Amino acid sequence: MLKALKKATLVFVYEIIVLGVIYDALIVFQILTKNINGLGVLIGLMVLYLGQWAFFYY
C-alpha cells in the first residue's frame, strides 16, 4: 500500500506540473480566461489522485 501511495504521489506531482504549465500557456495566449471554478478543479484533482492511487494499488 505504501509503495502504491508513493507511486501515485510521484505521478500526481508530475501531472500537476504539466497541467500548470499548460494552464499558464492558455492564459498567456488568451485562449482561456482566469474565471475558472477553483472548487471544481480541486475536486477534479482529488478524484484524479484517488483514481491513480487505486490503479497503482490493485
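Q30 lies in the loop that connects α1 and α2. The model is predicted, and this briefing covers that loop, a nonpolar surface patch and the largest pocket. The pocket has a volume of about 230 Å³, and both α1 (2-28) and α2 (38-57) contribute at least two residues each to its lining.

**Loop between α1 and α2: Q30**
- Q30 counts as exposed because its relative accessibility is 71%, and the cut-off for that class is over 50%.
- The backbone of Q30 has a positive phi of about 55°, although Q30 is not a glycine.
- Most residues other than glycine have a negative phi.
- From Q30 to Y58 the C-alpha to C-alpha distance is 41 Å, with the two positions 28 residues apart in sequence numbering.

**Loop between α1 and α2: L32 and N37**
- L32 also has its place in the loop between α1 and α2.
- With a relative accessibility of 31%, L32 counts as partly exposed, since that class lies between the 20% limit for buried and the 50% limit for exposed.
- N37 is another residue found in the loop between α1 and α2.
- N37 is exposed, because its relative accessible area is 53%.
- A distance of 16 Å separates the C-alpha atoms of N37 and L19, which are 18 residues apart along the chain.

**Nonpolar surface patch**
- A nonpolar patch on the surface is formed by V28, F29, I31, L32, I36 and V41.
- Together, these patch residues have about 600 Å² of accessible area.
- L32, I36 and V41 belong to this patch and are also listed in the lining of the largest pocket.

**Largest pocket**
- The lining of the largest pocket consists of I16, L19, G20, I22, Y23, L26, L32, I36, V41 and L45.
- α1 gives the most to this lining, with six residues.
- By residue class, the lining divides into nine nonpolar residues, one polar residue and no charged residues.
- The polar residue of the lining is G20, because glycine is counted in the polar class.
- In general, a probe the size of a water molecule, rolled over the atoms, shows where empty space is left.

Conventions: Residues numbered from 1 in each chain as written. Predicted model: local features only at pLDDT ≥ 70, side-chain atom pairs only at ≥ 80, totals over all residues. Heavy atoms only, no water. 1 Å grid on protein atoms, 1.4 Å probe; cavity = no way out; pocket = protein on both sides within 12 Å on 5 of 7 lines; lining within 4 Å. Points joined across faces, edges and corners; volume = space filled by probe spheres on them. Helix = DSSP H or I, 4+ residues; strand = E, 2+ residues; numbered from the N terminus. Buried < 20%, exposed > 50% of the residue type's maximum accessible area, 1.4 Å probe, protein only. Patch = residues over 30% accessible without salt bridge, like charges linked within 9 Å, V, L, I, M, F, W, Y side chains within 5 Å. Areas by Shrake-Rupley, 256 points an atom, 1.4 Å probe, with all protein chains shown as cover. Salt bridge = Lys/Arg side-chain N within 4 Å of Asp/Glu carboxyl O.
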